[in-house]
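Work through the following exercises with the sequence and the coordinates at hand. Each task is followed by its solution in steps.

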Amino acid sequence: MKRMLITGGAGFIGSHLVRLFVNKYPDYHIYNLDKLTYAGNLLNLKDIEEKPNYSFIKGDIVDGVFIIKLFEDYKFDAVIHLAAESHVDRSISNPLEFVMTNVVGTVNLLNAAKHIWKNNFDGKRFYHVSTDEVYGSLGEDGMFTEQTAYDPHSPYSASKASSDHFVRAYHDTYELPVVISNCSNNYGSFQFPEKLIPLFINNIRHNKPLPVYGKGENIRDWLWVEDHARAIDVIFHQSANGKTYNIGGHNEWKNIDLIKVMCRIMDRKLGRAEGTSQNLITYVKDRAGHDLRYAIDSTLLQKDLNWTPSLQFEEGIEKTIDWYLANQIWLDDVTSGDYLKYYEKQYVSR
Ligand code: NAD
Ligand code: TYD
């Protein structure tokens, strides 16, 4: 049985990946290592927590001694590393936390993998999940390819860029069998309502203002989270060592246009007169260092490994809004902080 470590599995993308792997690969044992920061929520994994091939481990990747011991005890064959501080606005207020988790935490994992795998890398793999934000900002034209030079602007993207460099350095220096993917903005169920889409769905629901940064003219390329998890699955199993793949939706939206689409759908679903939710739009001070445009060229992934997104955005955003409206208890627990009690109840008192 393959012993797989997935870090950050209680977060947004991690929980989708853990669910996919636990259900699809009964012959793998999936160990989900997560510190359960404000962004980690075990309620995201309630449907699979009793599966025999799944275990949760609470721990901090910044604690190097703990990480080495964990790898010695469990002898993982593979790592898919998602644990990170992931919100640009938080990185502007507290950059050091991003350096600790995203850079030091990643190097701790690389060291532990190198330590237990020694020089026998047969069947081993270290997969680092990264972001397109490392490439910086585009003007009106062009797309990020795997060859685009790194040019991060926010403390978040600078910390992810740094972690990517360390992962490549461990491949080039120690021949560690690594793979990296850089993905565009994800959307879907179980995303913490501080990022644009779930925050605005929640605010519309409560008739609260929708804070649009600057003029709302920034552009993001949105990918359905389950398509990201599918891409990771394909790359994890089929990529050559040392490769990098870009993952994206070919789905660019100017923020303000996306917000207006969400408002229209929400008006319909909430039985409000058309235009009601749009009145909540409030233009606020722009984010410092706000990247204008991201767009990912994922041709290489399509060509090499035959991956394409499965869902059109129009269907995906409808599905996503439906999910948050059907799971208002999840949203309320997350916004009130009640989800933090679940770990105590489920794991500590057992
Ligand atoms: P998230 O913030 O929802 O989840 C991060 C998870 O990491 C949480 O469960 C948190 O508890 C855990 N974590 C944080 N610090 C930790 C630590 N020190 N030790 C152990 N666990 C810790 O993030 P996400 O949106 O799911 O992103 C996951 C990964 O994908 C990140 O590496 C991010 O950079 C990358 N990514 C995200 C997006 C996106 O649109 N969300 C796009 C591309 C890449
Ligand atoms: P976000 O979801 O934070 O992702 P990222 O910054 O990693 O792309 O933001 C997406 C876009 O939405 C980005 O251009 C910033 C903008 N935004 C707002 O206008 N208002 C908000 O309240 C938030 C959270 C984001």
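**Exercise 1.** Classify Asn207 as buried, partly exposed or exposed, and describe its backbone.

Solution. This is a predicted model, and the assignment is made on its coordinates.
- Step 1: the relative accessibility of Asn207 is 46%.
- Step 2: the class of partly exposed lies between the buried limit of 20% and the exposed limit of 50%, so Asn207 counts as partly exposed.
- Step 3: phi of Asn207 is near 55°, a positive value although the residue is not glycine.
- Step 4: Asn207 sits in the loop that joins helix H6 (196–205) to strand E8 (210–213).

**Exercise 2.** Repeat the classification for Glu175: is this residue buried or exposed?

Solution.
- Step 1: Glu175 has a relative accessible area of 60%.
- Step 2: exposed means over 50%, so Glu175 is exposed.
- Step 3: the backbone of Glu175 also has a positive phi, near 65°, in a residue other than glycine.
- Step 4: Glu175 belongs to the loop between H5 and strand E6 (178–183).

**Exercise 3.** Describe the surroundings of ligand 2, beginning with the question of how many residues surround it.

Solution.
- Step 1: the shell holds 18 residues, and the closest are Glu133, Pro211, Arg220, Arg287 and His290.
- Step 2: sorted by class, this shell has 8 nonpolar, 5 polar and 5 charged residues.
- Step 3: H6 and E8, the two elements that flank the loop of Asn207, each give at least two residues to the shell of ligand 2.
- Step 4: for polar contacts, look at the oxygen atoms of the ligand. A side-chain N or O atom of Glu133 is 2.6 Å from an oxygen atom of ligand 2. For the side chain of Asn185 the corresponding distance is 2.9 Å, and a polar side-chain atom of Asn255 also lies 2.9 Å from a ligand oxygen.
- Step 5: on its own ligand 2 has 510 Å² of accessible area, and the protein covers 97% of that.

**Exercise 4.** Do the same for ligand 1, and state which element supplies the largest share of its shell.

Solution.
- Step 1: there are 29 residues around ligand 1, and Ile13, Asp34, Ser86, Tyr156 and Lys160 come nearest.
- Step 2: helix H1 (12–24), strand E5 (125–131), helix H5 (155–174) and strand E7 (185–187) each contribute at least two shell residues. The largest share, 3 residues, is that of E5.
- Step 3: the class count is 13 nonpolar, 12 polar and 4 charged residues.
- Step 4: here, check the backbone. A polar backbone atom of Lys35 is 3.1 Å from a nitrogen atom of ligand 1, while a backbone N or O atom of Ile61 is 3.0 Å from a ligand nitrogen. At Asn186 a backbone N or O atom lies 2.9 Å from an oxygen atom of ligand 1.
- Step 5: ligand 1 taken alone exposes 840 Å², of which the protein buries 97%.

**Exercise 5.** Compare the radius of gyration of the chain with the value for a compact globule.

Solution.
- Step 1: a compact globule of 350 residues would have a radius of gyration near 20 Å.
- Step 2: the chain has 20 Å, so the two values agree.
- Step 3: the C-alpha trace spans about 65 × 50 × 40 Å along its principal axes.
- Step 4: buried residues account for 56% of the chain.
- Step 5: among contacts between residues at least 6 apart in sequence, 82% join residues at least 24 apart.
- Step 6: the secondary structure comprises 12 helices and 12 strands.

Terms used: Residues are numbered from 1 along each chain as its sequence is written. Chains are lettered from A and ligands numbered from 1 in the order in which they are written. This is a predicted model: local features need pLDDT of at least 70, side-chain atom pairs count only at pLDDT 80 or more; totals for chains, interfaces and linings use all residues. Side-chain values use heavy atoms; hydrogens and water are left out. A residue is near a molecule or strand if one of its heavy atoms lies within 4 Å of it. A polar contact is a pair of N or O atoms within 3.5 Å; within protein, one must be able to donate a hydrogen and the other to accept it, and residues adjacent in sequence count only if both atoms are side-chain atoms. Accessible areas come from the Shrake-Rupley method with a 1.4 Å probe; for residues, only the protein chains shown count as cover. Helices (H or I, at least four residues) and strands (E, at least two) are DSSP runs, numbered from the N terminus. Ala, Val, Leu, Ile, Met, Phe, Trp, Tyr, Cys and Pro count as nonpolar, Asp, Glu, Lys and Arg as charged, and the others, Gly among them, as polar. Buried means under 20% relative accessible area, exposed over 50%, partly exposed in between (1.4 Å probe, protein chains only). The radius of gyration is taken over C-alpha atoms; the globule rule is 2.2 Å times the number of residues to the power 0.38. Contact means heavy atoms within 4.5 Å.
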